[in-house]
Amino acid sequence: GRLPEAAEIAQVALSLLDDPVTVAAVRARDLTGRHVVVSAGGTHEHLDPVRYLGNSSSGLMGIALARAAGLRGAAVTLVAANVTLPLPTGGWLDVVRVTSTAELAAAMTDLAADADIAVMAAAPADFTPASRSEGKIKKDGGEGLSLELVQTTDVLARLSRQRAPWVDDRDGVAVPPEDRASAHVVQDEEVAPLAGQLRPPERQQ
């Protein structure tokens with residue numbers, strides 16, 4: 001196969017050196033045969049064709065979680081919003097690109113329904129313009145600009161309400177109820193890779 005980029009090789013090596021638990025999980029390949037869906041990056045809510053409301057999320061957490069799940073043997077779908085870091089590469093990874101919070105919500109709702117593990121590590125915008133200008137908004141004399149904003153879709157709440165009633169919308173990890181007792185929830189502040197931090201659900205006999 002194609003040799004990964006040097007930066008990707010370096011990131012994998014660093015993730016293994018940083019955490020001995022990661023090394024053990026990678027050796028065990030304990031997510032083999034599982035499908036993990038991870039979101040990453042910040043969403044952009046467009047005001048007009050060239051301007052948007054966004055945030056400075058780099059996608060670091062989601063990318064690290066996706067890479068770690070892949071190292072553990074999982075087939076990973078990375079729902080990537082707007083990221084500033086290189087995305088992992090490999091046959092284990094499928095990337096779905098989204099821009100807005102609405103697109104993120106639609107992709108995660110669809111993909112999480114059939115996933116063994118779903119991790120919401122993206123940084124969706126809380127508000128979006130009530131309307132989008134078809135053309136570039138121009139200055140009008142010395143007047144300022146007033147914007148009407150409306151709330152965006154709460155992605156975790158939507159997953160819980162429509163597709164996965166077992167999702168706890170206070171955390172970013174979705175594990176079926178029969179498996180939650182054996183699963184460690186990765187909190188937002190735990191940027192450590194998924195390996196060792198989240199144990200895979202037990203297979204149903």
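**Notebook: contacts, cores and a surface patch**

I began with Asn82. Leaving aside neighbours within four places in sequence, I find Asn82 in contact with Gly41, Gly42, Thr43, His44, Ser57, Val98 and Thr99. I keep in mind that this is a predicted model.

Where does Asn82 sit? I place Asn82 in the loop between strand E4 (75–80) and strand E5 (93–97). Next I looked up the polar partners of its side chain. The Asn82 side chain reaches the backbone oxygen of Gly42 at 2.8 Å. A polar atom of that side chain also lies 3.3 Å from the backbone oxygen of Thr99. Gly42 and Thr99 both appear in the contact list of Asn82.

**Whole chain**

I stepped back to the overall fold. I note five helices and nine strands. Along the sequence, the pattern reads α-α-β-β-β-α-β-β-α-β-β-β-α-β. The protein has 205 residues, and 44% of them count as buried. I also checked the reach of the contacts. Among those between residues at least 6 apart in sequence, 66% join residues at least 24 apart. The accessible surface comes to about 11200 Å². Carbon and sulfur atoms hold 51% of that surface.

**Inside**

I turned to the interior. In soluble globular proteins, nonpolar side chains tend to be buried together. Here the largest nonpolar core has 17 residues. Val37, Val79, Val98, Leu104, Met108, Met120 and Val155 touch the most other members. Which elements give two or more residues to this core? I list helix H4 (101–112), strand E6 (117–120) and helix H5 (155–163). H4 gives the most, with six residues.

I followed Met108 from this core. Not counting residues up to four places away in sequence, Met108 touches Val37, Ser39, Val79, Val119, Met120, Val155 and Leu159. Apart from the largest core lies another, of 16 residues. Its members include Leu65, Val76, Val119 and Ala121. Val119 is thus listed in this other core, and Met108 touches Val119. Val98, listed in the largest core, is also in contact with Asn82.

**Outside**

Last, I looked at the surface. Phe127, Leu145, Leu147 and Leu149 form a nonpolar patch there. Together they have about 380 Å² of accessible area. I picked out Leu147. Leu147 lies in the loop between strand E7 (127–129) and strand E8 (149–151). Why does Leu147 count as partly exposed? Its relative accessibility is 43%, and partly exposed runs between the buried limit of 20% and the exposed limit of 50%.

Key
Residues numbered from 1 in each chain as written. Predicted model: local features only at pLDDT ≥ 70, side-chain atom pairs only at ≥ 80, totals over all residues. Heavy atoms only, no water. Helix = DSSP H or I, 4+ residues; strand = E, 2+ residues; numbered from the N terminus. Polar contact = N/O pair within 3.5 Å; in protein donor to acceptor, adjacent residues only side chain to side chain. Contact = heavy atoms within 4.5 Å. Patch = residues over 30% accessible without salt bridge, like charges linked within 9 Å, V, L, I, M, F, W, Y side chains within 5 Å. Areas by Shrake-Rupley, 256 points an atom, 1.4 Å probe, with all protein chains shown as cover. Salt bridge = Lys/Arg side-chain N within 4 Å of Asp/Glu carboxyl O. Buried < 20%, exposed > 50% of the residue type's maximum accessible area, 1.4 Å probe, protein only. Core = buried A, V, L, I, M, F, W, Y, C linked by side-chain atoms within 4.5 Å.
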